[in-house]
Amino acid sequence: MIRSIRACKTAAEERAVVRKECAAIRAAINENDQDYRHRNLAKLMFIHMLGYPTHFGQMECLKSIASAGFPEKRIGYLGLMLLLDERQEVLMLVTNSLKQDLNHTNQYIVGLALCALGNICSAEMARDLAPEVERLLQFRDPNIRKKAALCSIRIIKKVPDLAENFINPAAALLKEKHHGVLITGIQLVTDICKVSTEALEFFRKPKCLDGLVKTLRDVVNSPYAPEYDIAGITDPFLHIRLLKLLHVLGQGDADASDCMNDILAQVATKTESNKNAGNAILYECVETIMSIEDNGGLRVLAINILGRFLSNRDNNIRYVALNMLMKAITVDAQAVQRHRATILECVKDLDASIRKRALELVYLLVNESNVKPLTKELIDYLEISDQEFKGDLTAKICSMVEKFSPDKIWYIDQMLKVLSEAGNFVKDEVWHALIVVISNASDLHGYTVRALYRAVQTSIEQESLVRVAIWCIGEYGDMLVNNVGVLNIEDPITVTESDAVDVVEIAIKHHSSDITTKAMAMVALLKLSSRFPSCSERIRDIIVQNKGSLVLELQQRSIEFNSIVEKHQNIRSTLVERMPVLDEATFSGRRAGSLPATVSTSSGTSLNLPNGVAKPAAAPLVDLLDLSSDDAPVPSSSGNDFLQDLLGVDVSPASVQPGTSQAPKAGTDVLLDLLSIGSPPVQNNSTPSDILSSSQDNKSSVAILDGLSPAPSGGAASMIDLLDGFVPNSPKPEDNGPAYPSIVAFESSSLILTFNFSKPPGNPQTTLIQATFTNLSPNVYTDFVFQAAVPKFLQLHLDPASGNTLPASGNGSITQTLRVTNSQHGKKPLVMRTRIAYKLNNRDVLEEGQINNFPRDL
Amino acid sequence: MIHFVLLISRQGKVRLTKWYSPYTQKERSKVIRELSGVILTRGPKLCNFVEWRGYKVVYKRYASLYFCMCIDQEDNELEILEIIHHYVEILDRYFGSVCELDLIFNFHKAYYILDEILIAGELQESSKKTVARLIAAQDSLVETAKEQASSISNIIAQATK
């Protein structure tokens with residue numbers, strides 16, 4: 001039959017032949033044909049191997065097993081193992097046959113049964129037949145004993161509770177002379193120890209351990225034995241199994257480890273390593289040494305062996321060595337550092353598996369002292385590496401650079417190189433982090449923007465590079481053109497305003513720019529239109545081109561920005577102020593908190609060292625930088641949560657819509673909405689919230705909140721500095737401000753409220769009000785509380801009152817300081833609604849009023 | 001532990017499969033397809049180990065056949081290479097200079113030999129001589145049984161003539 005199937009020329013022909021055969025077999029099964037049963041089964045198995053369904057043959061297997069003859073049983077068991085797996089219920093029917101066969105007189109039949117049991121038994125079958133197998137562990141014939149041992153392994157794996165029963169028989173097996181039984185016995189003991197700690201303790205006893213060590217010594221020293229010899233070593237399999245068992249027994253136990261030191265040293269030094277068998281033994285030996293308790297001399301020996309492996313020409317050996325070195329790092333990092341150069345060579349190897357391993361190893365080796373040369377090497381290699389590897393390599397380089405960079409300028413340099421080379425492989429959150437760092441390194445702004453300008457000239461296809469570049473050009477365009485902050489190492493470069501606009505224009509028009517890039521470019525253009533007034537018209541033209549874009553985000557931006565450029569020059573510059581410095585610590589904390597823990601799956605080791613770049617989750621920073629435009633509008637709750645966390649301010653959801661959902665409203669309405677964040681009593685305790693109106697970027701209401709929040713003092717200071725420099729239409733600061741008459745704000749039969757005004761120097765929009773409450777009635781007021789409400793264009797801040805008991809008849813007064821900021825300073829006067837609550841003779845009193853008589857120009 | 005053994009020809013045809021871990025029929029075919037794709041496309045000078053789905057697969061090419069074994073992460077790959085070689089040498093001794101055709105037409109014998117070397121994914125016997133002896137003994141059992149059967153049927157045939 002096989003011949004006829006092989007003779008088929010096409011798949012269809014083959015299917016036809018197979019179908020015919022199957023039909024014949026099925027007919028034979030129906031007739032219950034005894035004679036040809038085994039032939040039919042064999043045919044069925046072949047057909048099964050070709051991939052055709054053969055379920056109808058399963059019962060045949062069972063019948064075959066149940067028959068008396070050896071050949072039938074043999075084929076039956078083979079069919080059983082091939083056509084069935086342990087999850088099928090049919091298997092249960094075999095249990096009885098198996099039981100009978102396990103007790104058969106013919107030892108080969110017993111062997112068949114054990115074999116089948118060992119390969120496919122299920123948990124129930126294991127439980128049923130375990131006693132039989134246990135008995136067979138002491139059978140007279142070594143062939144049966146070894147099969148029984150392996151069968152027991154499977155039973156223990158399926159039903160760990162039974163492990164204890166096997167401890168004693170297994171211990172007996174360890175004293176065998178027959179290699180086959182010895183090997184299987186050792187394997188059984190190893191697996192028992194993995195499953196049961198009680199067994200582990202039992203086998204760690206010196207009696208047992210010494211026996212094992214002696215056995216190993218005998219094997220190592222044994223003379224030439226042709227039966228077991230492989231490549232000049234007697235039974236390397238036995239060597240390896242013994243070493244594995246020693247590994248399990250010695251791990252975590254100092255005494256046990258001591259016993260093995262000598263023999264391990266002997267194996268490590270005496271074994272020849274020119275053949276694979278020898279290397280296999282050495283590998284296992286090194287593995288064992290690395291896992292048992294510390295012994296300096298042995299460890300050095302092991303690392304030396306690994307070093308030798310690393311320079312071996314055989315790929316397999318090198319791969320294995322790299323693998324082991326990853327585990328060795330946790331144990332002895334110094335020694336591994338010595339081999340750094342070789343490992344670096346392996347990163348460039350032709351073999352993909354070796355490259356991957358070597359890269360992971362290099363990543364683990366990086367520390368502050370060697371990060372610069374290592375990064376240089378890796379970046380050089382990045383240029384010539386092939387595509388699949390680039391992704392991995394880029395991720396590792398970025399994360400290395402981020403963690404260990406000694407100074408900001410080096411960090412920025414390296415990131416620029418990586419972006420120019422492999423920008424398309426760089427993950428989003430990596431270049432977000434880069435922008436955060438850039439914005440924090442204020443002295444490097446000029447340098448950075450010039451370097452980016454140069455880089456973009458050459459590598460326009462690298463998307464991430466383009467994005468970072470246009471963001472920087474937008475922000476620091478004036479530094480670029482005016483050559484601000486040139487460092488000594490830089491080559492001089494002259495860039496005109498229109499050159500800078502060129503770059504952004506190219507970015508918008510480039511065919512490979514995606515929506516995010518284009519959107520960023522539009523924002524950058526808006527910023528430039530304010531910084532380079534001469535190019536304003538040209539910029540407007542570019543913006544207008546996207547008015548009809550099919551992408552909503554681009555169209556919206558285009559229309560809005562266009563109207564700002566055209567009609568609202570007066571607020572334009574304040575709109576596009578410098579971004580406030582993004583807080584690095586909060587950003588990285590947030591990022592670490594919101595991202596899932598990363599696991600390096602390929603290494604599979606249980607190292608706690610960080611590996612790989614964290615995968616971005618919802619990238620909350622995106623809202624911050626206003627970059628994602630092609631996503632569906634980010635749900636405002638997530639944006640708000642992040643903003644709340646970052647800035648510690650309670651934000652009312654309605655007025656903070658990050659991104660796209662606000663309808664474009666030209667004119668001052670937009671500003672009013674944006675400014676109305678934190679309506680009336682915004683209890684803000686630290687930095688002067690008065691400067692808030694100056695620092696806005698169109699959609700990053702964050703900037704406002706940043707001004708409000710207890711931002712790090714550095715940030716606030718820089719913000720104030722920048723604002724002093726860049727607010728073109730701030731009125732001249734006056735020293736003390738004109739004096740304002742005080743007013744009687746509220747007067748009733750029992751209470752007078754007086755306001756005294758003053759202006760803090762340099763801040764025309766803020767007014768300091770000293771409120772004085774006087775009690776006209778003959779009764780004392782207790783629990784005195786003053787509350788005030790102001791309309792949306794005002795901001796109010798109340799300091800704590802001097803007290804809350806107002807003595808009677810004007811014998812004393814309570815004072816309280818209020819700070820009011822008028823964003824419509826000069827256009828609208830202050831108004832205020834007041835509510836005064838106090839207790840009079842334990843009766844609550846409430847008085848309300850409105851104050852309209854503020855001096856006009858407050 | 002060895003999870004499965006796979007013998008594939010250079011054209012991707014399966015010559016022998018042995019599963020020591022539970023895999024359904026569907027899973028088995030999927031695994032075979034995947035691994036064939038990975039292993040058959042590897043160049044000659046690359047190392048013999050492949051990382052796959054969290055396991056390691058060790059493969060070795062002998063003439064037109066790839067012998068693959070899938071092991072756990074903590075197992076010794078170099079040892080598995082030795083086991084593969086052990087198996088091939090025994091096959092060689094049994095068939096006398098074995099080639100792929102031998103394995104195709106006598107696949108059941110290849111399975112029997114494998115069953116003498118590995119059970120439950122672990123090595124059973126490290127001596128080639130012992131394995132050969134056992135297989136020879138079982139083969140002679142089969143022979144005698146066949147002879148008996150044919151002689152009985154002869155007798156019956158003659159008796160009923």
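This section describes the interface between chain B and chain A in a predicted model.

The interface involves 58 residues of chain B, which are in contact with 64 residues of chain A. Between them the two chains bury about 5,800 Å², and carbon and sulfur atoms account for 56% of this area. Polar interactions across the interface comprise 22 residue pairs in polar contact, counted where both residues are at pLDDT 80 or more. On chain B, the elements that give two or more residues to the side touching chain A are strands E2 (14-19), E3 (49-52) and E7 (122-123), together with helices H1 (25-40), H2 (77-95), H3 (100-105), H4 (107-117) and H5 (128-159). Helix H5(B) supplies the largest share of this side, with 10 residues. Classified by residue type, the side of chain B that touches chain A consists of 27 nonpolar, 19 charged and 12 polar residues.

Salt bridges between chain B and chain A number 7. In one salt bridge, the side chain of Glu51(B) meets that of Arg357(A), with an N to O distance of 2.3 Å.

A further contact site is centred on Ser126(B), which lies in the loop between E7 and H5 of chain B. Ser126(B) has a relative accessible area of 3% and is therefore buried, the cut-off being under 20%. Its side chain makes a polar contact of 2.9 Å with the side chain of Asp235(A). Leaving aside residues up to four places away in sequence, Ser126(B) touches His179(A), Ile183(A), Tyr228(A), Asp235(A) and Phe237(A), as well as His86(B) of its own chain.

How values were computed: Residues numbered from 1 in each chain as written. Chains lettered and ligands numbered in written order. Predicted model: local features only at pLDDT ≥ 70, side-chain atom pairs only at ≥ 80, totals over all residues. Heavy atoms only, no water. Contact = heavy atoms within 4.5 Å. Buried area = accessible area lost by both parts, 1.4 Å probe. Salt bridge = Lys/Arg side-chain N within 4 Å of Asp/Glu carboxyl O. Polar contact = N/O pair within 3.5 Å; in protein donor to acceptor, adjacent residues only side chain to side chain. Helix = DSSP H or I, 4+ residues; strand = E, 2+ residues; numbered from the N terminus. Nonpolar A, V, L, I, M, F, W, Y, C, P; charged D, E, K, R; others polar. Buried < 20%, exposed > 50% of the residue type's maximum accessible area, 1.4 Å probe, protein only.
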